Amino acid sequence: MFANPMRQAPVMVLQNNTKREQGKKAQLSNIKAAKAVADVVRTTLGPSSMLKMLLDPMGGIVMTNDGNAILREIDVAHPAAKSMIELARAQDEEVGDGTTSVIVLAGQILQAAEIFIEKRVHPTVVVNAYFKAMEEILKITEELGVDIDVDSEEDIKKIVTSCIGTKFSHKWGDLIVDLAIKATKTVLRQSGKEVEIDLKRYAKVEKIPGGTIEDCTVLDGVMFNKDVTHGEMRRKIENPRIVLLDCPLEYKKGESMTNIEMSNEEDFKKALESEEEEVRKMCEHILRVKPDIVITEKGISDFCQHFLMKGNNITMIRRIRKTDNNRLARVCGATIAHRPEELQEEDVGTLSGLFEVKKIGDDYFTFVTESKNPEACSILLRGASKDVLNEIERNLQDAMQVARSVIINPKLVPGGGALEMELASRLIEHSKEVEGLQQWPFKALASALEVIPRTLAQNCGGNVVRLMTELRAKHSKDDGLWYGIDGNKGVIANMKEIDIWDPVAVKLQTYKTAIESSCMLLRIDDVVSGMKKTKKQAAPQQEEEPRPDEGHTFGDERDG
């Protein structure tokens with residue numbers, strides 16, 4: 001007789017201590033994890049949002065209602081929860097705003113799929129329905145976008161104000177809005193149809209505790225935390241000629257170990273003289289272009305300082321950061337030279353009107369301002385405490401990103417959950433044309449979009465059921481598009497009248513990220529996590545085996 005292969009002992013491929021979830025169980029576990037992450041940030045959506053207080057591992061405190069900042073500080077173990085946190089980061093890097101919306105929406109979309117998974121509908125059917133719905137959503141959002149005039153300060157101000165309206169810093173009115181718009185327009189570079197707005201590299205935020213919030217300003221130039229190298233150097237120069245270097249102005253050290261053999265004292269003198277001669281040559285090359293200020297990323301020797309200061313009254317700054325040097329080059333029109341010999345007249349920066357070193361608090365700061373065409377800037381933030389400054393910086397970054405998105409894609413849609421409600425209404429109508437089983441997930445996604453206006457209503461303490469019913473009734477009519485939730489008063493309002501708008505770029509990115517990531521998580525049917533034992537756990541096992549030199553042990557705990 002042959003043994004039935006089906007009755008043989010199962011072959012163990014994975015280690016015993018490996019945790020594994022398969023099929024429906026894995027999908028439901030992923031949905032639960034995504035829901036848990038969404039619940040963390042749900043209360044931080046909208047103008048009546050709550051702040052979260054987080055303790056980081058170093059003992060510092062973070063207080064914020066920025067979805068990305070909250071999730072960045074949270075340490076999670078579940079892989080699905082980790083991928084949800086990545087969504088907020090991707091959204092923040094791409095468009096800067098909508099980080100909370102994307103998490104809340106993704107959590108709700110996955111929750112809508114839960115019932116189909118439990119009823120044994122194949123995940124591929126749900127995913128295909130979701131992708132169909134996404135195409136429809138993107139198409140409708142593009143259609144509903146209202147064009148605006150990028151050159152109009154008023155239009156951009158409206159949109160940035162509605163972005164800041166949900167943040168902590170909206171208490172200071174237009175201050176942050178004006179800073180964000182000015183900074184974004186400063187770093188704007190346009191050649192033909194190409195628009196380049198590199199906020200990360202060319203708009204630096206400098207936070208200095210002290211002073212009041214009203215002292216915050218965007219400089220028409222840059223500032224950095226450095227002082228002149230010698231107390232006698234000039235600290236204020238008008239219309240300076242600036243030379244920027246990224247090489248050291250000191251004796252060249254040997255590439256590897258350098259040995260010099262000296263037979264008498266004259267040799268030592270000669271070695272010193274040759275070093276001085278090298279530095280003197282460097283200084284002469286610099287003096288050829290008659291600068292007032294020399295700034296380098298590396299060191300400057302005492303001899304070089306003495307030589308350049310003595311007869312030529314040149315101010316010097318050393319060990320400046322590469323990023324600050326790049327911003328400075330844009331502001332004063334200089335080219336960063338790699339060797340003093342290569343300096344030409346056109347490399348000298350002459351576009352700045354004022355160089356000044358000021359003491360703020362305990363530190364010295366160098367200001368290079370009054371630039372004729374600053375294509376980079378520093379944003380100076382003042383405030384009572386570090387926590388307030390950090391939160392204002394986060395809000396300002398979001399506001400600048402929104403201004404950038406609007407300039408690159410100048411289209412707006414109504415905010416306050418009005419767009420989501422309109423999309424839900426249209427998708428439910430469209431679902432009648434979808435054939436077969438896909439119709440139900442398609443409808444479920446449409447209902448999931450309502451989570452945004454519902455959360456806004458919850459956060460401002462409104463009567464959620466009544467508000468949502470009224471809103472659905474408004475959007476079922478042709479002219480209902482503009483109606484959403486006024487998050488400050490907790491009532492239904494016309495978004496056009498109260499000027500609450502969202503950039504199309506932010507909304508498109510939110511829907512794409514939320515739906516695509518939900519589909520990806522639904523297609524996971526096996527989660528394997530191999531848990532490695534830590535050394536502390538492994539140690540007792542090793543002790544149980546007698547060591548070779550301890551063959552016989554008496555009166556030992558191993559005797560039992």
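This text walks through the salt bridges, helices, loops and surface patches of one structure. The model is predicted.

Start with the charges. The structure holds 28 salt bridges. A few of them are worth following in turn.

Take helix H3 first, which covers residues 79–94. Here Arg-89 forms a salt bridge with Glu-93. Their closest N and O atoms are 3.1 Å apart. The two residues lie 4 positions apart in H3, so about one helical turn separates them. Arg-89 is partly exposed, because its relative accessibility of 38% falls between the 20% and 50% cut-offs.

Helix H13 offers a second pair with this spacing. The side chains of Arg-426 and Glu-422 meet in a salt bridge, with 2.9 Å from N to O. Both sit in H13, 4 residues apart, and therefore about one helical turn lies between them. What is the burial state of Glu-422? Glu-422 is buried, because its relative accessible area is 5%, under the 20% limit. Arg-426 is partly exposed, with a relative accessible area of 33%. The pair thus joins a buried acid to a partly exposed base.

Stay with H13 for its geometry. The helix runs over residues 418–430 and has 13 residues. From first C-alpha to last, H13 reaches 18 Å. That is close to the 18 Å expected at 1.5 Å a residue. Which residues of H13 are buried? The run Ala-418, Leu-419, Glu-420, Met-421, Glu-422, Leu-423 and Ala-424 is buried, and so is Leu-427.

Helix H11, residues 322–332, is mostly covered. Of its 11 residues, 8 are buried. Among them are Asp-324, Asn-325, Arg-327 and Leu-328. Ala-329, Arg-330, Val-331 and Cys-332 are buried as well. Two of these buried residues, Asp-324 and Arg-327, also take part in a network of salt bridges. Lys-204 and Glu-206 are the other members of that network.

Now look at both sides of H11. Just after the helix, Gly-333 takes a positive phi of about 75°. On the other side, Ile-320 lies in the loop between strand S13 (315–317) and H11. Is Ile-320 buried or exposed? Ile-320 counts as buried, because its relative accessibility is 4%, under 20%. Ile-320 and Gly-299 are 21 residues apart in sequence. In space, their C-alpha atoms are 9.4 Å apart.

Another salt bridge connects two loops. The side chains of Asp-292 and Arg-234 meet at 3.7 Å, N to O. This pair links distant parts of the chain, 58 residues apart. Asp-292 is in the loop between H9 and S12. Arg-234 is in the loop between strand S9 (222–224) and strand S10 (236–238). Arg-234 counts as partly exposed, because its relative accessible area is 28%.

The loop of Asp-292 also holds Lys-290. Lys-290 lies between H9 and strand S12 (293–296). Its phi is near 50°, a positive value in a residue other than glycine. Lys-290 counts as exposed, because its relative accessibility is 61%, over the 50% limit.

Asp-499 has a backbone angle of this kind too. Its phi is positive, about 55°, although Asp-499 is not a glycine. The residue sits in the loop between strand S19 (491–494) and strand S20 (501–503). Asp-499 is partly exposed, because its relative accessibility is 29%.

Go back to H9, which spans residues 265–287. Which residues form the negative surface patch? Glu-265, Glu-266, Glu-273, Glu-275 and Glu-276 form it. Glu-266 is found in H9. At 44% relative accessibility, Glu-266 counts as partly exposed.

The last stop is a nonpolar surface patch of about 410 Å². Met-53, Leu-55, Ile-61 and Met-63 make this patch. Which strands supply residues to the patch? Strand S2 (52–55) and strand S3 (61–64) each give at least two. Met-53 belongs to S2. Met-53 counts as exposed, because its relative accessibility is 58%, over 50%.

Key
Residues numbered from 1 in each chain as written. Predicted model: local features only at pLDDT ≥ 70, side-chain atom pairs only at ≥ 80, totals over all residues. Heavy atoms only, no water. Patch = residues over 30% accessible without salt bridge, like charges linked within 9 Å, V, L, I, M, F, W, Y side chains within 5 Å. Areas by Shrake-Rupley, 256 points an atom, 1.4 Å probe, with all protein chains shown as cover. Salt bridge = Lys/Arg side-chain N within 4 Å of Asp/Glu carboxyl O. Lys, Arg positive; Asp, Glu negative; His and termini not counted. Charge placed at Lys NZ, Arg CZ, Asp CG, Glu CD. Buried < 20%, exposed > 50% of the residue type's maximum accessible area, 1.4 Å probe, protein only. Expected span 1.5 Å × (residues − 1).
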